[in-house]
Amino acid sequence: MTKILIKNGEIITADDNNEIIYGDLLIENDCITQIAPQIDAYHVDQVIEARGKTVIPGFIQTHIHLCQTIFRGQADDMELLDWLKRRIWPLEAAHDEESNYYSAMLGLGELIQGGTTTIVDMETVHHTDAAFQAIAASGIRALSGKVMMDYGDETPLLLQENTDDSVQESVDLLEKWHDFDNGRIKYAFSPRFVISCSEALLTQVRDLSAHYGVHIHSHAAESSGEIEIVRNRTGMRNVTYLDYLGLASERLILAHCIWLDDEEKSIIKDRRVKVSHAPGSNLKLASGIADVPEMMNQGAKVSLGADGAPCNNNLNMLNEMRLAAGIHKPAHGAAAMNAQTVFRMATIEGAKAIGMEDEIGSLEVGKKADLSILDMNDFHVFPSYDVDPVSRIVYAAAASDVETTIINGKVIMKNREIKNIDKNIVLKEADKSIKRLMRRMPHIQYVYNEDK
């Protein structure tokens, strides 16, 4: 049994009472076994001194695209559908196994350095196993899955799937990776969005999700143009159509949900669908601002995610919290989306989105030891006297303040050095990979596959 003792920290628990404890936290193997003002260090394998520092639950990002990290800076200043068709889909089609691995590693390094300990990741059509290899090596906790795209003629030929092949490959990946490392990695079926998925594929995903008891991760109502395409094809709006097919359930995680009508908002609440709010991405792609305060007031469960590096351009939960707290205040008042609400969206509400609130998302005895230690002793977060600690984090802290990240009871990063990722190699290979993909892009074919 390995024991790690964190001493003398300001511990923000994010428990039901939002309790803040000044003292010690003991980790035994992968779990928190004690939190108290003082814990004896006798028979402890490692002591981490946290005097003057802040211990928080690890951030849980419920919408990420690791496969897109090496596209950072390649698709700036574009709206969603053009962004997809002109840049992102061709780049995804150009991916190879090595480029997807290093794209994932690049994103994982950034996430861990920013205090994120759990992600819900959507990959591209091919080479998803390489991303799972990177996730496994990094030590992060994740739900991930290959993207599924079997409908439409405006995507590169390499991304146009046969329905049965898409489903079979997804099941094969699930059976290989779901519950890997005692549940640290889980699988989520990932149909991209209604525009690129046939009804046959979506209904099979519905049935397989129920059969295996796993989540579905998709996009919905991200842009007004997307809604018109879906309505012209199905006669319904996005969420209404997903509900019509029987996909709307507590296992469904929908990113964005900006352009919802009242019926769709009711479906999300009544079916306990989880919403992932990505304010940075929504602003940069000019998609709009989701009415998160209204959704939450109606009882919807909303968490946070950075989305992908080419539409953000950082995978930084501290940025997302600050944006989520700020962009809704002009419409809903200065007290709306307060610091405590947003901090919980980044932690315990993220855990609820993936059905793991009894295991992660707060610092409590018996839960997994997924946490970060912030050293907020710098100009940008001072003075600290008589300032609410949660407000300091949401409104002033930076990713560079994260000093230590612990996942599943293992010290993954200490003193800003990640143990399982070689930074120099990843940066070098990321540049080599995007150069290779950019050379391939002019040769990507867009011929519609009549035989699929």
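The questions and answers below go through the fold, the cores, the aromatic rings and some backbone features of a predicted model.

Residues are numbered from 1 along each chain as its sequence is written, and side-chain values use heavy atoms, with hydrogens and water left out. Because the model is predicted, local features need pLDDT of at least 70 and side-chain atom pairs count only at pLDDT 80 or more, while totals for chains, interfaces and linings use all residues.

Q: What radius of gyration does the protein have, with its 452 residues?
A: The C-alpha atoms fill a box of roughly 70 × 45 × 40 Å along the principal axes. The radius of gyration is taken over C-alpha atoms, and the globule rule is 2.2 Å times the number of residues to the power 0.38. For 452 residues a compact globule would come near 22 Å, and the protein agrees with this, having 21 Å.

Q: How many helices and strands does the protein have?
A: Helices (H or I, at least four residues) and strands (E, at least two) are DSSP runs, numbered from the N terminus. Counted in this way, the protein has 17 helices and 18 strands.

Q: What percentage of the residues of the protein count as buried?
A: A residue is buried under 20% relative accessible area, exposed over 50% and partly exposed in between, with a 1.4 Å probe and protein chains only. By these cut-offs, the share of the 452 residues that count as buried is 61%.

Q: Which helix gives the most to the largest nonpolar core?
A: A nonpolar core is a set of buried Ala, Val, Leu, Ile, Met, Phe, Trp, Tyr and Cys residues joined through side-chain atoms within 4.5 Å. The largest one has 119 residues, and Trp83, Leu108 and Phe189 are among those with the most contacts inside it. With nine residues, the helix that gives the most to this core is H1.

Q: Which residues is Trp83 in contact with, leaving aside its neighbours within four places in sequence?
A: Contact means heavy atoms within 4.5 Å. Trp83 is one of the residues with the most contacts inside the largest nonpolar core. Leaving aside the neighbours within four places, its contacts are Gln68, Ala75, Met78, Ile88, Leu285, Pro310 and Cys311.

Q: Why is the pair of Trp89 and Phe193 edge-to-face?
A: Rings of Phe, Tyr and Trp (its six-membered ring) pair if their centres lie within 6.5 Å, and planes under 30 degrees apart count as stacked, over 60 as edge-to-face and the rest as tilted. This rule gives seven aromatic pairs. In the pair of Trp89 and Phe193 the ring centres are 6.4 Å apart and the planes stand at 75°, so the pair is edge-to-face.

Q: Where do Trp89 and Phe193 lie in the chain?
A: Both Trp89 and Phe193 are buried. Their pair links distant parts of the chain, 104 residues apart, with Trp89 in helix H1 (residues 80-94) and Phe193 in the loop between strand E10 (185-191) and helix H6 (199-212).

Q: Is Tyr244 buried or exposed?
A: Tyr241 and Tyr244 form a stacked pair, 6.4 Å centre to centre with 25° between the planes. They are three residues apart in helix H8 (residues 238-244), so about one helical turn separates them. Tyr241 is buried, with a relative accessible area of 2%, whereas Tyr244, with a relative accessible area of 56%, is exposed.

Q: Which residue lies over the face of Tyr151?
A: A charge sits over a ring if NZ of Lys or CZ of Arg is within 6 Å of the ring centre and within 35 degrees of the ring normal. At 3.9 Å from the ring centre of Tyr151, the residue over its face is Arg233.

Q: Which residue does a cis peptide bond join to Asn312?
A: Most residues other than glycine have a negative phi, and most peptide bonds are trans. The bond that follows Asn312 is cis, with omega about 10°. The partner lies in the loop between strand E14 (301-304) and helix H12 (317-327), and this partner is Asn313.

Q: What is the phi of Ala221?
A: Ala221 is placed in the loop between strand E11 (215-220) and helix H7 (224-234). Ala221 is buried, with a relative accessible area of 0%, and Asn238 touches Ala221. Although Ala221 is a residue other than glycine, its phi is positive, near 55°.
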